[in-house]
Amino acid sequence: MSKAFTKESDSDDDEEFAAPAIPAGVKNYMTPEGHQRMKEEFLHLMDVERPEIVNIVHWAASNGDRSENGDYIYGKRRLREIDRRIRFLTKRLDIAEVFDSSVHHGSDQVFFGATVTYENQHGDEVTVRIVGVDEFDPLQGKISWISPVARALIKARIGDTVTLRTPGGVDELTILEVDYPA
């Protein structure tokens, strides 16, 4: 069958860009830095990338036959991707609750936005920062506040030992240090 007769999916589902689901009845907490990054990405897509792709698609459409015009076909596909990401960012920014964790500066208790150093039962020291679901990055030491580790750490204090239940068993985490931005 000719590709000209097949329809590409124009679905509006945002699965490709989906972040972890936010638990029902809670807010989408974000750090000020994470909120700023999302706003910058949104503005870049709206002000730079989308207009560039629109110009490419317009130019390609003016060349005539669109069925075998790669610039037109791939431009339209990229335009759908950008629009999908813009919708996702708009939804997430609309429900975002920006929380400045500096209000807890000097506290020894773990809350959202804290940078926590803990020791597991094997003696390994791990440092993580508790951030929003849209800004987590395990390779950078940023974990979501809804993750099992963060849930185990939240509300504990320096010196406390908390229990973390994982599929691999139970782990004991001892909190060594808690830090907040000034």
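**Strands and a buried serine**

Student: Which pattern does the protein follow, read along the sequence?
Tutor: This is a predicted model, and its secondary structure comes to 3 helices and 7 strands. Read along the sequence, those elements give the pattern β-α-α-β-β-β-β-α-β-β.

Student: How many bridges join strand E3 to strand E4?
Tutor: E3 covers residues 115-119 and E4 covers residues 125-131, and the two run antiparallel. One place to see this is Tyr 118, which stands opposite Val 126 in E4. The number of bridges joining E3 to E4 is 5.

Student: Which residue takes a positive phi in the hairpin of E3 and E4?
Tutor: Look at the 5 residues between the strands of that hairpin. The phi there is near 90°, and the residue that takes it is Gly 123.

Student: Do E4 and E5 pair in the parallel or the antiparallel sense, and what is the bridge partner of Val 131 in E5?
Tutor: E4 and E5 pair over 3 bridges, in the parallel sense. E5 spans residues 142-144. Within E5, the bridge partner of Val 131 is Ser 144.

Student: Why does Ser 144 count as buried or exposed?
Tutor: Buried means under 20% relative accessible area. Ser 144 has 7% relative accessibility, so Ser 144 counts as buried.

Student: Which residues does Ser 144 touch, not counting residues up to four places away in sequence?
Tutor: Val 131, the bridge partner of Ser 144, is on the list of contacts. Leaving out residues up to four places away in sequence, Ser 144 touches Val 131, Gly 132, Val 133, Phe 136 and Ala 150.

Methods: Residues numbered from 1 in each chain as written. Predicted model: local features only at pLDDT ≥ 70, side-chain atom pairs only at ≥ 80, totals over all residues. Heavy atoms only, no water. Helix = DSSP H or I, 4+ residues; strand = E, 2+ residues; numbered from the N terminus. Buried < 20%, exposed > 50% of the residue type's maximum accessible area, 1.4 Å probe, protein only. Contact = heavy atoms within 4.5 Å. Pairing = 2+ DSSP bridges.
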